[in-house]
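Hi there,

Here is the structure I promised to pass on to you. Have a look at it first, and then read on for my notes.

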Amino acid sequence: MATKAELRDRAANDLGLLRLGQSLQAQDATRIESAYAEVYADLKTEGLNVWASTGTCPAELTPHVAALMADNCLNTYGVSPARYQRIKIAAGRAKPEIRRLLTPRFESVEDATDY
């Protein structure tokens, strides 16, 4: 489970703003936290948020939510072409993966257990 701050730091790391052992500047933390709010609201409209906005994000969804947050911030921060490409690819895969992870597995009604 990842907290809002952990998601923020992961997105900042993807953007190249945060190195190990460092902390974010206040304006960067504020911008990335607003990206979290925007991504959360977008996922909510699609019914893909299964955690409270102030709660912890499920571990299996963490990399995908962080990728969407980093993608949301690309217009604010200049990144190298290679980093831009990596973020765009990860963000493109994020929603389908979130959908896949949240979809319950199919249970056949043909092979029902008879009690």
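Leu102 sits in helix α4 of what is, I should say straight away, a predicted model. Is Leu102 buried, exposed or something in between? With a relative accessibility of 28%, Leu102 counts as partly exposed, because that class covers residues between the 20% limit for buried and the 50% limit for exposed. Setting aside neighbours within four places in sequence, Leu102 is in contact with Leu48, Val50 and Leu61. Leu48 is a nice one to find on your screen: 54 residues separate Leu48 from Leu102 in sequence, yet their C-alpha atoms are 7.6 Å apart in space.

Now for the overall picture. The protein chain contains four helices and zero strands, so along the sequence you will read α-α-α-α. Along the principal axes, the C-alpha atoms fill a box of roughly 60 × 30 × 30 Å. Of the 115 residues in the protein chain, 34% are buried. The chain exposes about 7,400 Å², and carbon and sulfur atoms supply 50% of that area. If you count the contacts with a separation of 6 or more, 65% of them come from residues 24 or more positions apart.

Helix α3 deserves a stop. This helix spans residues 62–72 and is mostly covered, with eight of its 11 residues buried. Which residues of α3 are the buried ones? They are Thr62, His64, Val65, Ala66, Ala67, Leu68, Met69 and Ala70. The cover over these residues includes α1 (4–15), α2 and α4 (81–102).

Next, the charges. The protein chain carries 14 positive and 15 negative side chains, and the centres of the two sets lie 9 Å apart. In total, the structure holds seven salt bridges. Here are three of them that I looked at:

- Lys95 pairs with Asp42, and their closest N and O atoms are 2.4 Å apart. This pair links distant parts of the chain, since Lys95 is in helix α4 and Asp42 in helix α2, 53 residues apart. Asp42 counts as partly exposed because its relative accessibility is 33%.
- Lys95 also forms a salt bridge with Glu46, at 2.9 Å from N to O. Here, too, distant parts of the chain are linked: Lys95 in helix α4 and Glu46 in the loop between α2 and α3, 49 residues apart. Glu46 has a relative accessible area of 35%, so this residue is partly exposed.
- Arg100 and Glu97 meet in a salt bridge of 2.9 Å, N to O. Both residues lie in helix α4, three residues apart, which is about one turn of the helix. The relative accessible area of Glu97 is 26%, so Glu97 is partly exposed.

Salt bridges that share partners also join Asp42, Glu46, Lys95 and Arg99 into one network.

Two charged residues in helix α2 are worth a look as well. Asp28 belongs to this helix, which runs over residues 26–45. Asp28 is buried yet has no salt bridge. How far away is the nearest side chain of opposite charge? That side chain is Arg31, at 8.4 Å; a salt bridge needs the nitrogen and oxygen within 4 Å. What Asp28 does have is a polar contact of 2.9 Å between its side chain and that of Tyr77. Beyond its neighbours within four places in sequence, Asp28 is in contact with Leu17 and Tyr77.

Arg31 is also in helix α2, and Arg31 too is buried without a salt bridge. For Arg31, the nearest side chain of opposite charge is Glu38, at 4.4 Å. A polar atom of the Arg31 side chain lies 2.9 Å from the backbone oxygen of Asn72. Leaving aside neighbours within four places in sequence, Arg31 is in contact with Glu38, Asn72, Cys73, Thr76 and Tyr77. Tyr77 therefore turns up in the contacts of both Asp28 and Arg31, where contact means heavy atoms within 4.5 Å.

Enjoy exploring, and write back whenever you like.

Best wishes

Definitions and conventions: Residues numbered from 1 in each chain as written. Predicted model: local features only at pLDDT ≥ 70, side-chain atom pairs only at ≥ 80, totals over all residues. Heavy atoms only, no water. Helix = DSSP H or I, 4+ residues; strand = E, 2+ residues; numbered from the N terminus. Buried < 20%, exposed > 50% of the residue type's maximum accessible area, 1.4 Å probe, protein only. Lys, Arg positive; Asp, Glu negative; His and termini not counted. Polar contact = N/O pair within 3.5 Å; in protein donor to acceptor, adjacent residues only side chain to side chain. Areas by Shrake-Rupley, 256 points an atom, 1.4 Å probe, with all protein chains shown as cover. Charge placed at Lys NZ, Arg CZ, Asp CG, Glu CD.
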